[in-house]
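Here is a quick walk through some side-chain chemistry, written for someone who likes to check contacts by hand. Have the coordinates open as you read.

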Amino acid sequence: MSVWMVRARAPSFIIPITTLRIGNGNGDVKGLRLPLLSNKSWQFQLQLELQQRNKEKKKRQNVTISYTNSSSGGDSASAALELEVNEIRESCKMWKWKGQYSINYLVSSTPNSHPNSPPLLLVHGFGASIPHWRRNIGTLEKSYTVYAIDLLGFGASDKPAGYSYTMEAWAQLILDFLDEIVQKPTVLIGNSVGSLACVIAASESSQTLVRGLVLLNCAGGMNNKAIVDDWRIKLLLPLLWFIDFLLKQRPIASAIFERVKQRETLRNILLSIYANKESVDETLVEIIREPANEEGALDAFVSIVTGPPGPNPVQLMPSISIPVLVLWGDEDPFTPLDGPVGKYFSSLPSKLSNVKLIVLEGVGHCPHDDRPELVHEKLLPWLAETFNF
């Protein structure tokens with residue numbers, strides 16, 4: 001048995017603050033990030049006695065799961081199609097949701113886009129925004145009309161004071177966007193909590209709105225209080241509730257948030273969740289940092305971290321009959337393949353004929369930005385084959 005020391009540290013990106021890393025390839029707790037108010041302020045330690053790590057990776061027995069090695073190449077031309085952030089922002093439009101909230105969105109296509117192909121809607125994860133898809137839009141728009149959206153509370157969309165953020169609200173935002181703006185059956189492509197919002201939207205709609213799902217390392221909830229069958233999370237729930245209490249104290253929350261959005265802090269967090277370290281450049285850091293400086297960003301951060309986790313994908317996926325492609329980076333420290341959520345999605349292809357899972361080796365929590373050429377290599381053939389064009 002081994003004992004891990006867990007110290008108070010800066011919160012994590014994507015699944016913010018109190019990040020419980022379940023997974024080092026074996027589903028073990030790898031570390032816990034907790035808030036540090038200043039370099040000289042309090043720290044606390046938590047000793048967790050863990051089961052000894054398996055020295056060999058568990059063999060996958062589900063033959064429907066495909067493994068792809070990131071060193072195998074892929075669409076090398078996709079790197080040349082990366083869009084400039086300013087180009088993306090200048091092309092964005094605003095849409096009034098419920099007559100009161102301004103929602104930032106992008107629509108992009110080329111003359112060669114196939115007229116009978118379904119449109120695609122890209123939905124980012126926590127802390128991200130439309131430019132997080134800058135390495136994907138140029139490739140996808142060759143064959144599809146591509147939409148991307150900033151969820152309420154992120155990017156250039158409104159961050160209303162006093163708003164209580166929920167997964168259900170984001171899912172309804174997606175459905176209303178499809179109904180009012182896209183107006184065609186659409187394939188939803190989401191990352192992390194964006195994936196979960198897409199799952200909830202698909203579970204509540206008919207195929208007249210959602211035609212397919214692509215999930216990139218789907219989250220288990222809006223935050224770490226999601227109910228999953230794992231004793232490690234249950235053990236730490238009192239600690240997570242204590243962190244929630246601290247975050248509801250405005251001075252503490254402000255101090256934590258100010259530290260999180262420092263360039264060097266963001267860079268280190270991103271480096272911890274990207275397997276391809278070269279993808280963590282200054283542009284990516286600014287994509288995350290700039291919206292965090294806007295009015296309302298702190299309130300959104302606190303509401304999301306301390307709010308209800310929302311519906312669990314384990315409860316939702318059996319009700320979804322449309323085609324689903326699950327792409328999973330196997331070096332994700334937040335939703336590891338051998339963690340509770342990863343294990344569940346790994347089991348789905350043997351239970352649901354509409355689900356296909358492809359494991360991407362050497363890829364982190366944000367596959368579309370970490371290894372875009374590898375994602376395109378698997379995504380584009382699936383889209384073409386599934387929707388017959």
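## An arginine without a partner

Keep in mind that this is a predicted model. A good place to begin is R289, which sits in helix 8, the run covering residues 282-292. R289 is buried, yet it has no salt bridge. Its nearest side chain of opposite charge is E286, and that one is 4.1 Å away. A salt bridge here needs a side-chain nitrogen of Lys or Arg within 4 Å of a carboxyl oxygen of Asp or Glu, so 4.1 Å doesn't make the cut.

Which residues does R289 touch once its neighbours within four places in sequence are set aside? They are K261, R263 and L266.

## Salt bridges that do form

In general, side chains of opposite charge can pair when their charged atoms come close. The count for this model comes to 15 salt bridges. One of them joins D369 to R134, with the closest N and O atoms 3.3 Å apart. This pair links distant parts of the chain, 235 residues apart: D369 belongs to helix 12 (residues 367-370), while R134 is in the loop between strand 8 and helix 2. D369 and R134 are both buried.

K261, already met as a contact of R289, has a salt bridge with E258 at 3.2 Å, N to O. K261 counts as buried at 11% relative accessibility, whereas E258 is partly exposed at 41%. Then there's E282 with R267, where the N to O distance is 2.2 Å. That pair also links distant parts of the chain, with E282 in helix 8 and R267 in helix 7, 15 residues apart. E282 is partly exposed, its relative accessible area being 41%, and R267 is buried at 18%. Some salt bridges share partners, and these join E82, R134, R135, D281 and D369 into one network.

## Around L271

L271 is found in helix 7, which spans residues 263-273. Is L271 buried or partly exposed? With a relative accessible area of 28%, it is partly exposed.

Apart from neighbours within four places in sequence, L271 is in contact with K277 and V280. The C-alpha atom of L271 is 9.6 Å from that of D281, ten residues away along the chain. D281 is also one of the members of the salt-bridge network described above.

## Aromatic pairs

How many aromatic pairs turn up in a search of the whole structure? There are 14. Take F126 and F154: their ring centres are 5.5 Å apart and their planes are at 80 degrees, so the pair is edge-to-face. It links distant parts of the chain, with F126 in the loop between strand 8 (120-123) and helix 2 (137-140), and F154 in the loop between strand 9 (146-149) and helix 3 (167-182). The two are 28 residues apart in the chain, and both are buried.

Y163 and Y165 make another edge-to-face pair, because their planes are at 65 degrees, with ring centres 4.9 Å apart. Both tyrosines are buried. Ring pairs also tie these four residues into a cluster that takes in W97, Y101, F126, F154, Y163, Y165, W170, F257 and F301.

## Cysteines that stay apart

What does a search for disulfides find across the whole structure? It finds zero. The sulfur of C198 has its closest cysteine sulfur in C218, 8.6 Å away, which is too far for a bond. Seen from C218, the closest cysteine sulfur is the one in C198, at 8.6 Å.

Exposure doesn't separate these two: C198 is buried at 0% relative accessibility, and C218 is buried with a relative accessible area of 0%.

## Helix 13

Helix 13 runs over residues 372-387, which makes 16 residues. From its first C-alpha to its last it reaches 22 Å, close to the 22 Å expected at 1.5 Å a residue. Several of its residues are buried, among them P372, L374, H376, W382 and F387. E373 is on the buried list too. Just after helix 13 comes N388, which takes a positive phi of about 55 degrees.

Key. Residues are numbered from 1 along each chain as its sequence is written. This is a predicted model: local features need pLDDT of at least 70, side-chain atom pairs count only at pLDDT 80 or more; totals for chains, interfaces and linings use all residues. Side-chain values use heavy atoms; hydrogens and water are left out. Helices (H or I, at least four residues) and strands (E, at least two) are DSSP runs, numbered from the N terminus. Buried means under 20% relative accessible area, exposed over 50%, partly exposed in between (1.4 Å probe, protein chains only). Lys and Arg count as positive and Asp and Glu as negative; His and the chain ends are not counted. Contact means heavy atoms within 4.5 Å. Rings of Phe, Tyr and Trp (its six-membered ring) pair if their centres lie within 6.5 Å; planes under 30 degrees apart count as stacked, over 60 as edge-to-face and the rest as tilted. A disulfide is a pair of cysteine sulfur atoms within 2.5 Å. The expected span of a helix is 1.5 Å times one less than its number of residues.
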